[in-house]
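User: Could you take me on a close look at the ligand site in this structure? I would like one connected account of what surrounds the ligand, and then a short tour of a few residues elsewhere.

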Amino acid sequence: MKRFENKVMLITGGISGIGKATAILAAREGASIMIADLRLNQQALDDILQEGAEAAFIACDVSKPEDMENAVAATVAQFGRLDVAINNAGIVDASPIHEKSIEEWQKVTGVNLNGVFYGMKYEIARMRRQDTGGAIVNVGSIMSQVGEIGIAAYTASKHGLVGMTKVAALENGTSNIRINTIGPGYIETPLLMDNASADSRAYMESKHAMKRLGKPEEIAKAILFLASDDASFCTGAYLPVDGGYLCQ
Ligand code: NDP
């Protein structure tokens, strides 16, 4: 029996990077998957479908509560239930606090923090109506624990996820719904690599004990551990998967 056979999974930001890698591995393990993202990339959806599972796409801006409500409703309409939610969509800021525009702050926290709140609000409400409960994984970051120059909105959001995850775990501990946060180190995805110079790549590599960047699949495997019954006694946790970034 595959780990996610007969399970329905919603992945925000699932058309690229860590979300896409998670969708591909989950499809391989039998999940039916709804991808909620800003724009459809047909090739990415085909890559997921190629694994032989059911998958669908819904356009969704996680920073809009009505879009998140609609994404959960569309998942249930298409596949009948919601067993696993991966709140993964995220963006990054790039300016010191004293120069940061209000718009940049609101945009990044709107996606990375508010978006996860909206996600959990509708996902948990749905899961509480199911006898079988569910599992939620929020995608945090090493910046859930430490800081980095220029990304105050990102860092504040990712720290916030850890606290919100703890509260959600406490509120749902007896409802058979587990909620955890994962903390990736620097991972080779479009979010990170699109504008990275050779110097900044070398700097990022140097910050990890393993002196390399992670691959999306290395995060996907850990996300799916937390989402699966293998993690049946895990809730409210922050799990770093960071090549030793937080060791110093
Ligand atoms: P990618 O940019 O590769 O993928 C993120 C996806 O989310 C994209 O498809 C993006 O769309 C989508 N997205 C952006 N904004 C929204 C929105 N408002 N609503 C719905 N979807 C949206 O990034 P990663 O895979 O690297 O990042 C995934 C998560 O992992 C993020 O939460 C990030 O913070 C976290 N993370 C990443 C690390 C890294 O080094 N890469 C390190 C630690 C954490 P579009 O491309 O069209 O903008």
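Analyst: Happy to! A residue counts as near the ligand if one of its heavy atoms lies within 4 Å of it. By that rule, 29 residues surround the ligand in this predicted model. The closest are Ser16, Arg39, Asn88, Tyr154 and Thr189.

Let us begin with the polar contacts. On the backbone side, a polar atom of Ile18 sits 2.8 Å from an oxygen atom of the ligand. Two side chains can be added to this. Asp61 places an N or O atom of its side chain 2.9 Å from a nitrogen atom of the ligand. Lys158 brings a polar side-chain atom to 2.9 Å from an oxygen atom of the ligand. How much of the ligand does the protein bury? The ligand taken alone exposes 880 Å², and 90% of that is buried by the protein.

Now for the space itself. The ligand takes up the largest pocket. Three elements give two or more residues each to the shell around the ligand: helix H1 (17-28), helix H5 (152-172) and helix H6 (190-193). Of the elements, H6 gives the most, with 3 residues. As for chemical character, the shell divides into 16 nonpolar, 9 polar and 4 charged residues.

With the ligand site described, here are the other residues, starting with His208. You will find His208 in the loop between helix H7 (198-206) and helix H8 (216-227). Is His208 buried or exposed? His208 counts as buried because its relative accessibility is 1%, and the cut-off for buried is under 20%. The side chain of His208 has two polar contacts to backbone atoms that you can look up in the model. One is with the backbone nitrogen of Tyr186, at 3.1 Å. The other is with the backbone oxygen of Met204, which lies 2.8 Å from a polar atom of the His208 side chain.

The loop between H7 and H8 also holds Lys211. Lys211 is not a glycine, yet its phi is positive, at about 55°. That deserves a remark, because most residues other than glycine have a negative phi. Asn6 is another residue with a positive phi, near 65°, and it is not a glycine either. Asn6 belongs to the segment before strand E1 (8-12). With a relative accessible area of 62%, Asn6 is exposed, since exposed means over 50%.

Two further residues show how parts that are apart along the chain are placed in space. Asp83 is in the loop between helix H3 (65-79) and strand E4 (84-87). Asp83 has a relative accessibility of 6%, so it counts as buried. Its C-alpha atom is 9.2 Å from that of Ile177, a residue 94 positions away in sequence. Phe117, in turn, is part of helix H4 (residues 102-127). Phe117 is partly exposed because its relative accessible area is 41%, a value between the 20% and 50% cut-offs. The C-alpha atoms of Phe117 and Met68 are separated by 9.7 Å, with their places 49 residues apart along the chain.

If you want a place to start in the viewer, begin with the ligand and its contacts to Ile18, Asp61 and Lys158. From there, move on to the loop that carries His208 and Lys211.

Conventions:
Residues numbered from 1 in each chain as written. Predicted model: local features only at pLDDT ≥ 70, side-chain atom pairs only at ≥ 80, totals over all residues. Heavy atoms only, no water. Polar contact = N/O pair within 3.5 Å; in protein donor to acceptor, adjacent residues only side chain to side chain. Areas by Shrake-Rupley, 256 points an atom, 1.4 Å probe, with all protein chains shown as cover. 1 Å grid on protein atoms, 1.4 Å probe; cavity = no way out; pocket = protein on both sides within 12 Å on 5 of 7 lines; lining within 4 Å. Sits in = over half its atoms within 2 Å of the grid points. Helix = DSSP H or I, 4+ residues; strand = E, 2+ residues; numbered from the N terminus. Nonpolar A, V, L, I, M, F, W, Y, C, P; charged D, E, K, R; others polar. Buried < 20%, exposed > 50% of the residue type's maximum accessible area, 1.4 Å probe, protein only.
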